[in-house]
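Visitor: I'm new to this structure and would love a close look at how its aromatic rings are arranged. Could you show it to me and walk me through that part?

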Amino acid sequence: MKRVSWSSVSSSVALATLIAGASVPASAQEEANAPDLTFEQAISMARKNNVSLRVDRAKLSQAQANVDQAWSALFPTVAGQAKYTHNYKEVALNFGGSPLLLQPSEQFDFAISATAPIIAPAAYSALEAVKASVKAAEATFEGQEASVLVSAARAFLVAAGDDELVTTRRSSLEVARATRRDAQVRLDAGSVTKVDVDRAELAVVRAEQLDRETVNSRESAYRTLSTLIGAEHPFKVNANFPSAPMPDPRDLDLALRLRPEFQALQSLVKAADAETRAHAWRWAPSISAFGNARKFNYDNFARDRHAWAVGGQLDWLLFDGGTRDADRHRAAARGEEALAQAEVLRLRIRDDLANESSFLDTKRKGVESAERSVTLAHESLDLIRTQYEAGTGTQLDLLTAQDAVVVAHLQLVQAHFDVAAADLALRYSAGTFPPKK
């Protein structure tokens with residue numbers, strides 16, 4: 001299977017010698033000696049620290065607690081009670097030749113009771129429905145996690161691309177300043193006019209403003225990434241991306257198995273089916289057993305100071321005004337909805353695989369075109385510089401050629417970013433990103 005390396009984002013341009021050997025100042029992150037942040041570290045931090053995922057995990061825990069609640073319908077319940085009563089007078093009867101104490105002044109009662117379901121058909125299907133719903137919630141969380149991690153990955157790409165753009169802009173600024181110095185020297189020597197110096201000065205002003213805007217954009221990208229991954233300290237993105245096998249865009253079945261959103265919908269279909277059966281079983285009777293025991297400090301009519309009883313109970317709701325049927329129909333409709341949504345998602349994933357694969361191929365061709373443009377722009381710049389130094393070319397031609405080189409390099413950086421973004425989108429569509437824990 002084909003492999004692709006995302007390191008092309010960082011290796012797009014040898015910007016230290018971008019234009020005529022111009023020097024490149026360190027970026028703000030490098031000046032702060034911030035530690036490198038790799039792509040794997042960023043994804044791991046986002047999975048661990050992202051605030052939105054913490055909220056989703058709490059919701060998932062609530063859904064998982066529903067299983068314990070569903071089991072409670074199948075387990076016995078036991079209750080105890082201790083009671084003290086002060087009666088206003090003591091009551092005793094002469095019964096059978098000896099007094100029978102029915103109400104003492106200080107009365108104590110102790111009781112314990114238990115109920116256990118024996119046959120509860122609806123409860124088993126309800127438990128199955130809850131388990132399927134929890135699986136759906138777990139898959140939904142995985143889908144939400146994948147979405148957050150994709151956002152973090154894209155933010156990482158943007159930050160890496162902005163680093164390259166800042167370097168390019170600063171290289172062009174150095175070249176513009178060098179051109180201005182050269183124009184000033186030529187003006188002092190009387191070989192050019194003041195117009196040439198003014199043009200060079202204007203190029204410097206424009207380059208400085210573009211540099212400030214690019215730096216601001218990079219700082220914004222770093223803040224976005226920092227928020228998504230929960231970073232508390234400065235960092236510098238390391239754009240040496242890991243290599244991994246490319247997914248097969250024709251393997252739709254594998255993508256459906258890997259995409260948590262599709263698995264969540266399938267679990268919802270199972271949950272709706274189980275809930276439909278549970279509501280249907282509510283027409284059946286349920287049988288339970290019960291028992292209770294009491295202890296007290298007075299006599300009953302059997303002359304005992306204790307009592308106990310055990311028995312069975314059958315409950316059968318014969319008519320409820322159609323509530324059970326309405327609930328059953330509602331659950332069945334939810335199942336139909338989830339089934340239809342699963343089909344919609346299946347078709348969308350199929351189209352995404354084909355579209356993203358074609359888009360990635362197109363962007364790779366774009367890199368080749370951008371690389372060719374950089375080569376041609378440099379050749380043109382070298383030729384015009386030679387003509388300018390020989391006095392046969394104008395300064396305006398030189399400045400235009402320098403701008404063309406900068407634009408070509410910016411386009412190359414953007415082309416590599418587009419390839420990385422398209423690669424990420426294809427992996428997400430195929431379910432291979434983010435990697436499973």
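Over the ring of which residue does the charged end of arginine 259 sit?

Guide: Happy to help, and please keep in mind that this is a predicted model. The ring you ask about belongs to tyrosine 428: the charged end of arginine 259 sits over it, 4.8 Å from the ring centre. Another arginine is placed over a ring too, since arginine 324 lies over the face of tryptophan 283, at 3.8 Å from the ring centre.

Now for rings that meet other rings. To describe a pair of aromatic rings, one gives the distance of the centres and the angle of the planes. Searching the whole structure turns up 6 aromatic pairs. One of them joins phenylalanine 39 and phenylalanine 156: the ring centres are 5.5 Å apart and the planes stand at 85°, which is over 60 degrees, so this pair is edge-to-face. Phenylalanine 39 belongs to helix H2 (residues 39-49) and phenylalanine 156 to helix H4, so their contact ties together parts that are 117 residues apart in sequence. Both partners are tucked away: phenylalanine 39 is buried, with a relative accessible area of 5%, and phenylalanine 156 is buried at 0%.

For another arrangement, turn to tryptophan 71 and phenylalanine 75. This aromatic pair is stacked, with 5.7 Å from centre to centre and 15° between the planes. Here tryptophan 71 is partly exposed, with a relative accessible area of 32%, and phenylalanine 75 is also partly exposed, at 47%.

Let's return to the first pair, because ring pairs link Phe39 and Phe156 with Phe433 into a cluster. Phenylalanine 433 has a feature of its own: the peptide bond leading from it to proline 434 is cis, with omega near 0°. Proline 434 itself is found in the segment after helix H9 (395-430).

Helix H4, the home of phenylalanine 156, also has a helical partner. H4 (residues 121-189) packs with helix H7 (residues 260-281) at an angle of about 165°, and their axes are 7 Å apart. That angle makes H4 roughly antiparallel to H7. Their crossing is left-handed, and the contact between them has 14 nonpolar, 6 polar and 7 charged residues.

One last stop takes us away from the rings, to the backbone. Arginine 303 has a positive phi of about 60°, although it is not a glycine. You will find arginine 303 in the loop between strand E9 (286-296) and strand E10 (306-315), where it is partly exposed, with a relative accessible area of 34%.

Key:
Residues are numbered from 1 along each chain as its sequence is written. This is a predicted model: local features need pLDDT of at least 70, side-chain atom pairs count only at pLDDT 80 or more; totals for chains, interfaces and linings use all residues. Side-chain values use heavy atoms; hydrogens and water are left out. Axes are lines fitted to C-alpha atoms, for helices over the stretch in contact, and angles run from 0 to 180 degrees between N-to-C directions. Helices (H or I, at least four residues) and strands (E, at least two) are DSSP runs, numbered from the N terminus. Angles under 35 degrees count as roughly parallel, over 145 as roughly antiparallel, 65 to 115 as roughly perpendicular and the rest as oblique. A crossing is left-handed if the near helix is turned anticlockwise from the far one by less than a right angle, and right-handed if clockwise. Ala, Val, Leu, Ile, Met, Phe, Trp, Tyr, Cys and Pro count as nonpolar, Asp, Glu, Lys and Arg as charged, and the others, Gly among them, as polar. Rings of Phe, Tyr and Trp (its six-membered ring) pair if their centres lie within 6.5 Å; planes under 30 degrees apart count as stacked, over 60 as edge-to-face and the rest as tilted. Buried means under 20% relative accessible area, exposed over 50%, partly exposed in between (1.4 Å probe, protein chains only). A charge sits over a ring if NZ of Lys or CZ of Arg is within 6 Å of the ring centre and within 35 degrees of the ring normal.
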